[in-house]
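User: I am new to this structure and should be grateful for a close look at a single part, the nonpolar core. Please describe how it is built and what lies around it.

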Amino acid sequence: MKLAFLRKIIGGVLLVSLLSLGFFQPVRQMVSIPTKVILFEGEKYVFPQAMPVSTKVAKNAGIRVNHKDDEVILDADAPGTNQLLMDFAGLPVKKVDVEVLKNFKVLPGGQSIGVKLNTMGVLVVGHHLIETKDGKKSPGEIAGVKSGDIITEINGKKIMGMNDVSEHVQSAGEDGKPLELVILRDEQRIKTKLVPLKDQNENIFKLGLYIRDSAAGIGTMTFYHPQSKKYGALGHVISDIDTKKPIVVKDGQVVRSTVTSIEKGSNGNPGEKLARFSSEKEIIGTINRNSPFGIFGKLNKQILNGMMDKPLPITLSHQVKEGPAQILTVVDGSKVEKFDIEIVSSIPQKFPAIKGMVIKITDQKLLKKTGGIVQGMSGSPIIQDGKLVGAVTHVFVNDPTSGYGVHIEWMLNEAGINIYEKAEAVPKAS
């Protein structure tokens, strides 16, 4: 009986002691040190030396450790992997896996660009009724074709554009035979048959569908990688204005554009950059991907922004800090300017996601000109501490001074640029 009571007393004391440790500042700081750190060659990583600890790493590991005042400083000298072991009074208290990546830099964008997308096949954007001898009908609707569908084949032949459709429609109507359609719907391949009907008013056969094969708009360049000639822009997917669905891209072109005026944003009414494609209509690049993270492809030649014309290092998602930053964008003509913002919050993401940061425009000049974030500003690069950290993506409808940003790490991944080159592991410290 006494032994059981004594055990309860000891257990209670240990529990209180453990809970107290949680409120002890050095312990809290030690717990806050991450278990894995990823650095680029030449970078430093600093964390507080919460208590008098000793540190050791494997030999020839490509990193150096320095103790300064109340800080531990990691210097990344060469690509590789390693472990940092921290001891207190001879007892191990923390193990940090360290990975050093090869030095990586890209040119920041900020330029206003014009975008033209060519769809894969033709995009169905709606139905319309045809005046037939038996009344008003829509052959497309009867065949089960829906708005947002992409017609990729007719009678076994690939459809590249609008012109490819019309010749099939008239011949099928005259022969009285149905068209065999292959449709792409939500990444599923669907087959259906459609019988064209004659419009009594125009005396021609029709599908009863509204279709189109291209889309155009403006946005902002985010980055350019000189070694691969790959670029990323916009920071979000381009959707069709009518169907609101992402456009499935066959190919596309990027041209220079000039901002002619700004429709200022206000609460509940996002503003917009008004721009025109440059008069020379020079194609500066191609588009081969339209994804949730933006548009991607290759540029024909290197383009500079006139503001930051030297390659910058990047910041990985887990390293982005809350605090002051800048964006590069165009609000007048083709001149790229730098404006102050605040990174209100940043989520250290392990997997790609489009909304990684919340940002707020703080620059009074930009607020006076645009009211905050406006359409066409998407893709504007975000710079923090001389590094490219991400891009502007969306505006908050009820607060145009604020919006979302995407981490640059995920845009580079979508562009097919590998920043994580495999490094050979080094022996662990014993």
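Analyst:
**The largest nonpolar core and its surroundings**

In this predicted model, the largest nonpolar core holds 47 residues, and those that touch the most other members are F223, I314, I327, I382 and L412. Strand β30 gives the most to this core, namely five residues. In soluble globular proteins, nonpolar side chains tend to be buried together.

F223 may serve as a point of entry. With neighbours within four places in sequence left aside, the contacts of F223 include V106, L107 and G109. Further along the chain, F223 is in contact with K230, Y231 and G232, and also with L388, I408, M411, L412, A415 and I417. L412 is thus both a contact of F223 and one of the core members that touch the most others.

A separate core of 18 residues lies apart from the largest one, and L107, I238, V249 and I284 are among its members. L107, in this other core, is nevertheless in contact with F223.

The strand that gives the most to the largest core, β30, also has a partner in β31: the two run antiparallel and are joined by six bridges. Two residues stand between β30 and β31, which together form a hairpin. Within this pairing, V392 has G405 of β31 as its bridge partner. Strand β31 covers residues 399-407, and because seven of its nine residues are buried, it is largely enclosed by the rest of the structure. β31 also pairs with strand β28 (residues 357-361), in the antiparallel sense and over four bridges. There, Y404 in β31 stands opposite V358.

The surroundings also include open space. The largest pocket has a volume of about 900 Å³. Its lining comprises 30 residues, and H236, V237, I238, S239 and Q375 lie nearest its centre. β9 (112-127), β18 (209-225), β21 (272-277) and β30 (387-396) are the elements that give two or more residues to this lining. Of these, β18 gives the most, with six residues. By class, the lining has 16 nonpolar, nine polar and five charged residues. Two links to the cores emerge: β30 contributes to this lining as well as to the largest core, while I238 belongs to the core of 18 residues and is among the residues nearest the centre of the largest pocket.

Key. Residues are numbered from 1 along each chain as its sequence is written. This is a predicted model: local features need pLDDT of at least 70, side-chain atom pairs count only at pLDDT 80 or more; totals for chains, interfaces and linings use all residues. Side-chain values use heavy atoms; hydrogens and water are left out. On a 1 Å grid over the protein atoms alone, a cavity is a set of points where a 1.4 Å probe fits but cannot get out, and a pocket is an open set with protein on both sides within 12 Å along at least five of seven lines; lining residues have an atom within 4 Å of a point. Grid points are joined across faces, edges and corners, and a volume is the space filled by probe spheres set on the points. Ala, Val, Leu, Ile, Met, Phe, Trp, Tyr, Cys and Pro count as nonpolar, Asp, Glu, Lys and Arg as charged, and the others, Gly among them, as polar. A nonpolar core is a set of buried Ala, Val, Leu, Ile, Met, Phe, Trp, Tyr and Cys residues joined through side-chain atoms within 4.5 Å. Buried means under 20% relative accessible area, exposed over 50%, partly exposed in between (1.4 Å probe, protein chains only). Contact means heavy atoms within 4.5 Å. Two strands pair if DSSP finds at least two bridges between them.
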